[in-house]
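Welcome, and please have your viewer ready. Could you load the model and set it to cartoon view before we start?

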Amino acid sequence: MGGGIRCTQNPTTGEEWRRGWHPERVPGKGSDARVLVVGGGPAGLEAALTLGRRGYSVALSERNTFLGGRSVLESTLPGLSTYRRVADYRIGQINKFPNIDVYLGSEIQCSDVGDFDFSTILIATGARWDRDGIGKANRFPVKGWDQGHVITPDDVLAGQTITGPVVIYDDEGYYLGGVIAEKLSKQGLEVTILTPDPEPSPLLKYTSEREVVHQALLSLGVKLVTARRLVEVGTDEVEAHCIYTGKEIRLPATTVVMICLRSPNDGLLRDLRKTVADNRLNFTVHAVGDCYAPGTIADAVHSGHRFGREIDQRPIGDINYLIERPLVREANNWDQFGGTR
């Protein structure tokens, strides 16, 4: 189907030959680096675990009082309870390693880093959902996006009180629009999914969930409005235009949930890099997961694992791949291969 091979639990999937990663074995550490991992979401947990397995001294700092980040928060949504296993497995493994220290409720500031003796700092602070409506269909902010009743999945997951009717503008096209619609519909709210895609959640065709999700939404009475681009958010309605004809429609909405782009929480990353550049400090700063580039949970886990594996390796260009080299055939020995000159 053209999709990448990734697994939320096993980050070595698809990399057994390409990068030479064994699913159950990691090499021993290649230096005495002490690593501070900032952020205990999927990427930070996997990075800390992999580094710990290799024998590095690791400190994992998380500003919340729980580990797991988005995998734990999203596990509270309908049908996603098993997402919690991404955190549960890694937390259980991390607790076995005396060389990994975990600090909850600890938000690291740029000024704090100088108080510790770390040679490597890894930023895994995730990303946040934007609510301005910019995405595939809109290259500029949607008019009216900054009103108080325009929210994001972060607000839904935080338990914000929501009133209906609700319009979910899903320009992402993956699973989150459908499960939020299901959650709000089960709360008795009138819900409409508005999307510029020709069908809701088109990316679910790659996970064989598309038909099941569509059936569930329709059985709950969720209204599906497709091939429409959100143009303006009013006080109690939204305006959308057909992506083919430009025809205008209006939908009632006292709450608008924007599911479009996510932006990295990279403020600390930028501050640290500037501090290192200005003061020539003796530690290196790196980013993994959604803080580096927002993606799926599986991508975040892969990113954290890759850092843990390659922290002490010399980079080979941009992509550290094993290469199949063709057999070199010298001209005077060509005949033995059954070829012709």
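This tour of a predicted model visits one helix and then two nonpolar cores.

**Stop one: helix H7.** Select residues 267–279, the 13 residues of helix H7. At 1.5 Å a residue H7 should span 18 Å, and its end C-alpha atoms are indeed 18 Å apart, so the two values agree. Now show side chains for Leu268, Leu269 and Leu272, which are buried. Turn the view until you look down the axis of H7: its buried residues fall within an arc of 100°, so they line one face of the helix. An α-helix has 3.6 residues a turn, so residues three or four places apart point the same way. Over on the other side of H7, pick out Arg270, Lys274 and Ala277, which are exposed.

What do the buried residues of H7 pack against? Add strand S1 (34–38), strand S4 (120–123) and strand S15 (284–287) to your selection, and you have the partners.

**Stop two: the largest nonpolar core.** Select Val166, Ile168, Ile180 and Val191; of the 25 residues in this core, these touch the most other members. Next colour the elements that give two or more residues to the core: strands S7 (166–170), S8 (191–194) and S13 (255–259), with helices H5 (176–186) and H8 (297–310). H5 gives the most, with 5 residues.

Zoom in on Val191. Beyond its neighbours within four places in sequence, Val191 is in contact with residues including Val166, Ile168, Ala181 and Leu184, and also with Gly221, Val222 and Lys223.

**Stop three: another core.** Apart from the largest core lies one of 22 residues; select Tyr56, Ala87, Ile94 and Leu122, which are among them.

Note on methods:
Residues numbered from 1 in each chain as written. Predicted model: local features only at pLDDT ≥ 70, side-chain atom pairs only at ≥ 80, totals over all residues. Heavy atoms only, no water. Helix = DSSP H or I, 4+ residues; strand = E, 2+ residues; numbered from the N terminus. Expected span 1.5 Å × (residues − 1). Buried < 20%, exposed > 50% of the residue type's maximum accessible area, 1.4 Å probe, protein only. Arc of directions from axis to C-beta. Contact = heavy atoms within 4.5 Å. Core = buried A, V, L, I, M, F, W, Y, C linked by side-chain atoms within 4.5 Å.
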